[in-house]
Amino acid sequence: MLELRNIDCIRGARTLFSGLDLRLQPGQLLRVQGANGAGKTSLLRLICGLLAPARGEVLWRGERLADLREEFGRELVYIGHAAALKDDLSALENLRTAALLGGHAATPAAARAALASAGLGGRETTPARLLSQGQRRRLALARLLIGAPPLWVLDEPFDALDSSALQWLRELIAGHLGRGGIVVLSSHQEVALDTGLAPMVVAL
Ligand SMILES: Nc1ncnc2c1ncn2[C@@H]1O[C@H](COP(=O)(O)OP(=O)(O)OP(=O)(O)O)[C@@H](O)[C@H]1O
């Protein structure tokens, strides 16, 4: 369903990895590991079509990303390491805007429900600049609950989360995999996750 064929990734003068092949099935998790600067974020961005490989191709449902663009955008949610929030918008506005940019219009009720699930009930109208780091991560991750995109690409999703948020995210990921979704994540921490299919690991 998601396939990388013979991928080379070069940033600046450095080859970060070359000849990378992998194929992920519905319900499968890919963990991307590596030291700082090894190329984890680059690989995630490449999978999202935000970075072009120097060689090789990424395929989604058997078609090259380059030929898919908009449809692929709706099937994907990418949560970067730094939560991409607009500081002056409220939590609710941030979530609805992020969902809309990803091709999913969220009703106020759906967005409120997602915020409540993320532990941000009562914070709907709080401007993002007044949220703590962990609350900002929760807000960014609430996007996972809107529109049911099958492919989740998460850069260091466990960072800054307290134990209850960590448990919430673990359950969210397990549920998504159980429904046949695909999750690609980078993580410095070894967070135990319930996965049906054996997870795949790429160590850069
Ligand atoms: N736009 C760019 N131009 C040139 N080099 C870049 C660019 N972006 C990233 N790099 C370099 O590519 C390498 C890999 O960066 P990347 O962010 O993918 O690593 P990472 O494994 O995610 O690191 P970390 O664990 O620190 O987040 C780094 O050496 C970085 O300096």
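**Helix α5, the nonpolar core and the strand pairings**

Of the 10 residues that make up helix α5 (residues 133–142), 8 are buried, so this helix is largely enclosed by the rest of the structure. The buried positions in α5 are Gln-135, Arg-136, Arg-137, Arg-138, Leu-139, Ala-140, Leu-141 and Ala-142, and the elements that cover them include β6, α3, α4 (108–117) and α6. These descriptions refer to a predicted model, in which the mean pLDDT of the protein chain is 94 and 100% of its residues reach 70 or more. The scores of the model are 0.96 for ipTM and 0.95 for pTM.

The domain assignment divides the protein chain into domain 1, which comprises 1–75 + 150–203, and domain 2, which comprises 85–147. A distance of 23 Å separates the C-alpha centres of domain 1 and domain 2, and the contact between them draws on 13 residues from domain 1 and 10 residues from domain 2. On the side of domain 1 that touches domain 2, the elements giving two or more residues are α2 (70–75) and α6 (163–178); of these, α6 gives the most, with 5 residues.

Two residues of α5 reappear in the description of the largest nonpolar core, which has 56 residues and in which Leu-95, Leu-115, Leu-139, Ala-142, Val-153, Val-183 and Val-184 have the most contacts. Helix α3 (residues 91–101) supplies the largest share of this core, namely 5 residues. Because domain 1 (1–75 + 150–203) and domain 2 (85–147) both give residues to the core, it lies between them. In soluble globular proteins, nonpolar side chains tend to be buried together. When neighbours within four places in sequence are left aside, the contacts of Leu-115 are with Ala-91, Leu-92, Leu-95, Leu-120, Gly-121, Arg-123, Glu-124 and Ala-142; among these partners, Leu-95 and Ala-142 are themselves listed with the residues that have the most contacts inside the core.

An open sheet is formed by 5 strands with parallel pairing, and their order is β6-β7-β8-β3-β9. The edges of this sheet are occupied by β6 (76–79) and β9 (200–203), each of which has a single partner strand, so that one side of each is left without a neighbour in the sheet. On average, and with direction ignored, neighbouring strands of the sheet are turned by 10° against each other. Within the sheet, strand β7 (residues 151–155) pairs with strand β8 (residues 182–186) in the parallel sense over 5 bridges, and Trp-152 has Val-183 in β8 as its bridge partner. Val-183 is also one of the residues with the most contacts inside the largest nonpolar core.

Antiparallel pairing is found for strand β1 (residues 2–11), which is joined to strand β2 (residues 14–24) over 7 bridges. These two strands form a hairpin with 2 residues between them, and in the turn Gly-12 has a positive phi of about 60°. The bridge partner of Ile-10 is Thr-15 in β2. Strand β1 is further joined by 5 bridges to strand β4 (residues 55–60), with the two running antiparallel, and in this pairing Glu-3 stands opposite Leu-59 in β4.

Notes: Residues are numbered from 1 along each chain as its sequence is written. This is a predicted model: local features need pLDDT of at least 70, side-chain atom pairs count only at pLDDT 80 or more; totals for chains, interfaces and linings use all residues. Two strands pair if DSSP finds at least two bridges between them. Helices (H or I, at least four residues) and strands (E, at least two) are DSSP runs, numbered from the N terminus. A nonpolar core is a set of buried Ala, Val, Leu, Ile, Met, Phe, Trp, Tyr and Cys residues joined through C-beta atoms within 7 Å. A residue is buried if 20 or more other C-beta atoms lie within 10 Å of its own, exposed if 12 or fewer, and partly exposed in between; C-beta atoms are placed from the backbone. Domain bounds come from an automatic or database domain assignment. Two residues are in contact if their C-beta atoms, placed from the backbone, lie within 7 Å. Axes are lines fitted to C-alpha atoms, for helices over the stretch in contact, and angles run from 0 to 180 degrees between N-to-C directions. pLDDT is the predictor's confidence in each residue, from 0 to 100.
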